[in-house]
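I opened a fresh page for this structure and kept my notes short. Come along and look things up with me.

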Amino acid sequence: MASKPIAYLQLTSLESFLDELKRRGLYEARLSEWAQRREMFERRKLRLTALDSYHGLILRYETVYYQGLAEPEPEQLKRLRDEARKKIAEKLEAEGIALYEGEYHFGRAGW
């Protein structure tokens, strides 16, 4: 029986995330978008998560694709997001890892 996730393992690079997936025999990850706005500044990132249900662990990697003034040009934001998503998707596909929309989280999902 699978245990309930109780911990996160935050990884600092996409390569280390992929290495950890392979080491644990995981072949699925989820991708979600996050935006944080403080006064006149905005930060946007993509969060990649994978679930190791056997060990009760969620693997997580985040990459910031925009940081600057709030309300950036929509075309610029779309281009930056699409470039970041493409880089992630290509690397996962090359390793045989399925990519889905969404996020694994335990309890409250937050910034």
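**Entry 1: salt bridges**

I started with charged pairs, keeping in mind that this is a predicted model. I found 19 salt bridges in the structure.

One of them joins Lys91 to Glu15, and I read 2.5 Å between their closest N and O atoms. I then looked up where the two partners sit: Lys91 is in helix 2 and Glu15 is in helix 1, so this pair ties together parts that lie 76 residues apart in sequence. For Lys91 I noted a relative accessible area of 28%, which makes this lysine partly exposed. Glu15 is partly exposed too, at 40% relative accessibility.

**Entry 2: a pair inside helix 1**

Next I followed Glu20, which forms a salt bridge with Arg24; their closest N and O atoms are 2.7 Å apart. How far apart are Glu20 and Arg24 in helix 1? They are four residues apart, so about one helical turn separates them.

I also checked whether Glu20 is buried or exposed. Its relative accessibility is 12%, and it counts as buried because the cut-off for buried is under 20%. Arg24, at 23%, counts as partly exposed.

**Entry 3: a pair inside helix 2, and a network**

In helix 2 I looked at Lys78 and Asp82, whose side chains meet in a salt bridge of 2.7 Å from N to O. These two are four residues apart in the helix, so again I had about one helical turn between partners. Lys78 is partly exposed, with 45% relative accessible area, and Asp82 is partly exposed with 31%.

Which residues do shared salt-bridge partners join into one network here? I wrote down Glu33, Lys78, Arg81, Asp82, Arg85 and Glu101.

**Entry 4: the two helices together**

Having met both helices through their salt bridges, I looked at how they pack. Helix 1 covers residues 14–24 and helix 2 covers residues 74–94; their axes are 11 Å apart and make an angle of about 30°. That makes the two helices roughly parallel, since an angle under 35 degrees counts as such. I noted the crossing of helix 1 past helix 2 as right-handed.

**Entry 5: the whole chain**

I stepped back to take in the full chain. I counted two helices and five strands. In what order do the elements run from the N terminus? The order is β-α-β-β-β-α-β.

The chain has 111 residues, and 37% of them count as buried. Along the principal axes, the C-alpha atoms fill a box of roughly 45 × 30 × 20 Å.

**Entry 6: a nonpolar patch**

Then I turned to the surface. Met40, Phe41 and Leu69 make a nonpolar patch of about 320 Å² there. I traced Met40 to the loop between strand 2 (28–38) and strand 3 (41–52). With a relative accessible area of 51%, Met40 is exposed, because exposed means over 50%.

**Entry 7: a stop at strand 5**

My last stop was Leu99, which I found in strand 5 (residues 98–101). This leucine counts as partly exposed, at 31% relative accessibility. I also looked up its separation from Ile88, 11 residues away along the chain: the C-alpha atoms of Leu99 and Ile88 are 9.1 Å apart.

How values were computed
Residues are numbered from 1 along each chain as its sequence is written. This is a predicted model: local features need pLDDT of at least 70, side-chain atom pairs count only at pLDDT 80 or more; totals for chains, interfaces and linings use all residues. Side-chain values use heavy atoms; hydrogens and water are left out. Patches are made of residues with over 30% relative accessible area and no salt bridge: like charges are joined within 9 Å, nonpolar side chains (Val, Leu, Ile, Met, Phe, Trp, Tyr) within 5 Å. Accessible areas come from the Shrake-Rupley method with a 1.4 Å probe; for residues, only the protein chains shown count as cover. A salt bridge is a side-chain nitrogen of Lys or Arg within 4 Å of a carboxyl oxygen of Asp or Glu. Buried means under 20% relative accessible area, exposed over 50%, partly exposed in between (1.4 Å probe, protein chains only). Axes are lines fitted to C-alpha atoms, for helices over the stretch in contact, and angles run from 0 to 180 degrees between N-to-C directions. Angles under 35 degrees count as roughly parallel, over 145 as roughly antiparallel, 65 to 115 as roughly perpendicular and the rest as oblique. A crossing is left-handed if the near helix is turned anticlockwise from the far one by less than a right angle, and right-handed if clockwise.
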